[in-house]
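Visitor: I am new to this structure. Could you walk me through it, one question at a time?

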Amino acid sequence: MIKNLHTFDLKDKRILMRVDFNVPLNNGRITDDFRLRAVVPTIQHCLEQGAAVVLMSHLGRPKGKIDDDMSLIPVGEHLADLLEMPIKFSDDCISEDALDTSLGISAGEIHLLENLRFHNEETLNDSQFSMLLAKHGEVFINEAFGTAHRAHASNVGVVHHFKQKGMGFLMEKELKYLKDSFDHPRRPVTLILGGAKIDTKLSLILRFLNKADTIIISGGMAFTFIKAKGQIVGGSLIDENMIASATHIMNSAKNNRAKLIYPSDFVCSKNMDSKPKGVYSWREIPKELMGLDIGPKSIERFKKIISSSKTVLWNGPMGVFEKEFYSEGTKVISEALSEETENGQITIVGGGDTAAAVRSFGHQDNVSHVSTGGGASLELLSGETLPAFSALES
Ligand code: AMP
């Protein structure tokens with residue numbers, strides 16, 4: 001059993017909280033603060049209960065070296081704006097000064113530590129480093145879902161130094177939607193897949209052949225399946241290394257619960273930087289063109305499947321949504337999920353690109369859950385036990 005935040009008496013406690021502030025930055029400005037906003041309620045709850053909060057996170061992959069471009073200073077400033085309060089900052093997560101600051105903060109105050117990955121020991125799950133991190137708090141709360149599939153010092157090693165340890169509201173919500181809702185799912189269950197890569201979604205597909213009633217295989221990855229059926233797909237994206245896996249999935253589906261559905265038409269062009277040349281049936285993609293978005297017939301069919309479902313899980317955009325010309329399929333699926341959530345469906349969005357797409361269309365608050373983890377969400381959905389959760393079990 002993992003304890004949640006409500007089980008702790010937080011008054012006058014110093015909480016060491018692992019958060020995932022690995023946000024996209026452009027010239028020192030945060031371009032998407034989704035991961036910060038996702039933990040604001042947890043931080044506020046702790047402060048309201050009379051606790052002091054020490055926050056620790058990684059940002060990017062500095063590989064054990066100090067890199068000013070990956071400093072958490074802009075993140076601290078942005079968080080201070082969101083919370084409308086000052087935040088103390090230390091430029092090294094394990095220095096004497098940093099520890100003094102943590103020991104000196106009062107109830108209602110926040111102390112943010114500099115990027116954990118400026119020390120190699122973080123990703124090595126080093127025991128000495130874990131012990132030094134643990135000195136910052138009396139209660140350990142993990143709220144970093146994005147790294148839950150990694151066994152690092154700040155989410156695994158550190159935990160053994162705490163009697164009082166648990167998960168925050170965000171981790172609880174991720175578990176509820178990505179794990180519990182598929183233990184005894186409300187049926188019919190539809191899994192919508194898209195994007196470019198198949199290998200990262202392979203275990204998910206294999207597990208859901210039995211969990212889902214329908215699996216829609218769309219986006220760029222659909223072409224590898226269509227090619228595996230023996231069809232020509234023009235210049236569309238193909239992963240030759242995955243043709244055997246696609247064939248295996250199609251064969252396995254015959255003896256399993258899930259029905260596989262593919263797009264029947266595509267918006268095609270010469271490349272993703274040029275305007276669409278037209279909509280073509282999946283059997284008639286000209287050899288000089290590539291499919292870059294799903295066409296209107298596919299959109300209508302997918303919408304019908306979505307509206308007749310009770311649980312929908314979506315991972316992977318329907319097309320090259322980053323380009324306006326090829327964003328329609330992804331946009332309409334976002335809208336459909338948003339509408340069906342109002343009708344009582346459970347709608348879950350996973351994967352970094354899909355979550356970013358849903359946010360760019362303004363539907364992040366209209367679906368049941370948008371996961372903050374990419375790899376972590378895929379592993380949890382694939383039925384794997386994530387090290388960060390195992391470490392918190394008591
Ligand atoms: P993934 O990380 O596997 O979910 O892939 C996400 C990427 O897939 C996005 O950057 C999309 O632009 C890309 N994508 C989606 N559909 C297509 C397509 N039909 N052709 C090429 N790339 C695509």
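Visitor: Which residues are the closest to the ligand?
Guide: Keep in mind that this is a predicted model. In it, 14 residues surround the ligand. The closest of them are Ala196, Lys197, Lys201, Gly291 and Glu322.

Visitor: How far is an oxygen atom of the ligand from a polar backbone atom of Lys197?
Guide: Start with Ala196, where a polar backbone atom is 2.9 Å from an oxygen atom of the ligand. Lys197 also offers a polar backbone atom to a ligand oxygen. There the distance is 2.8 Å.

Visitor: Which residue has a backbone N or O atom 3.1 Å from a nitrogen atom of the ligand?
Guide: Here the ligand atom is a nitrogen, and the protein atom is a backbone N or O. A polar contact needs such a pair within 3.5 Å. At 3.1 Å, the residue is Gly220.

Visitor: How much of the ligand's exposed area does the protein bury?
Guide: Take the ligand alone, and it exposes 510 Å². Add the protein, and the buried part of that area is 86%.

Visitor: How many residues of the shell around the ligand are charged?
Guide: The shell splits by class. It has 5 nonpolar and 5 polar residues. The charged ones number 4.

Visitor: What is the volume of the largest cavity?
Guide: The count of cavities of 30 Å³ or more comes to 1. Its lining is made by Asp20, Arg35, Val39, Glu143, Phe145, Leu170 and Thr372. By class, that lining has 3 nonpolar, 1 polar and 3 charged residues. The volume of the largest cavity is about 30 Å³.

Visitor: Which residue forms an aromatic pair with Phe145?
Guide: The whole structure holds 6 aromatic pairs. One of them includes Phe145, with 6.3 Å from centre to centre. The planes are 50 degrees apart, and the pair is tilted. The partner is Phe389.

Visitor: How far apart in sequence are the parts that this pair ties together?
Guide: Phe145 sits in the loop between strand 7 (139-142) and strand 8 (164-167). Phe389 belongs to helix 14 (residues 387-392). The pair therefore ties together parts whose separation in sequence is 244 residues.

Visitor: Which helix gives the largest share of the lining of the second largest pocket?
Guide: This pocket has a volume of about 380 Å³. Of its 18 lining residues, the closest to the centre are Phe34, Arg37, Ala38, Lys173 and Asp365. Helix 1 (34-37), helix 2 (40-48), helix 6 (169-178) and strand 17 (369-370) each supply at least two lining residues. The largest share, 3 residues, comes from helix 6.

Visitor: How many residues in the lining of that second largest pocket are charged?
Guide: Sort the lining by class. There are 7 nonpolar and 5 polar residues. The charged count is 6.

Visitor: Where is Pro188 found?
Guide: Look at the peptide bond from Arg187 to Pro188. This bond is cis, with omega near 0 degrees. Pro188 is in the loop between helix 6 and strand 9 (189-193).

Visitor: What is the phi of Asp12?
Guide: Asp12 lies in the segment before strand 1 (14-18). Although Asp12 is not a glycine, its phi is positive, at about 60 degrees.

Technical notes
Residues are numbered from 1 along each chain as its sequence is written. This is a predicted model: local features need pLDDT of at least 70, side-chain atom pairs count only at pLDDT 80 or more; totals for chains, interfaces and linings use all residues. Side-chain values use heavy atoms; hydrogens and water are left out. A residue is near a molecule or strand if one of its heavy atoms lies within 4 Å of it. A polar contact is a pair of N or O atoms within 3.5 Å; within protein, one must be able to donate a hydrogen and the other to accept it, and residues adjacent in sequence count only if both atoms are side-chain atoms. Accessible areas come from the Shrake-Rupley method with a 1.4 Å probe; for residues, only the protein chains shown count as cover. Ala, Val, Leu, Ile, Met, Phe, Trp, Tyr, Cys and Pro count as nonpolar, Asp, Glu, Lys and Arg as charged, and the others, Gly among them, as polar. On a 1 Å grid over the protein atoms alone, a cavity is a set of points where a 1.4 Å probe fits but cannot get out, and a pocket is an open set with protein on both sides within 12 Å along at least five of seven lines; lining residues have an atom within 4 Å of a point. Grid points are joined across faces, edges and corners, and a volume is the space filled by probe spheres set on the points. Rings of Phe, Tyr and Trp (its six-membered ring) pair if their centres lie within 6.5 Å; planes under 30 degrees apart count as stacked, over 60 as edge-to-face and the rest as tilted. Helices (H or I, at least four residues) and strands (E, at least two) are DSSP runs, numbered from the N terminus.
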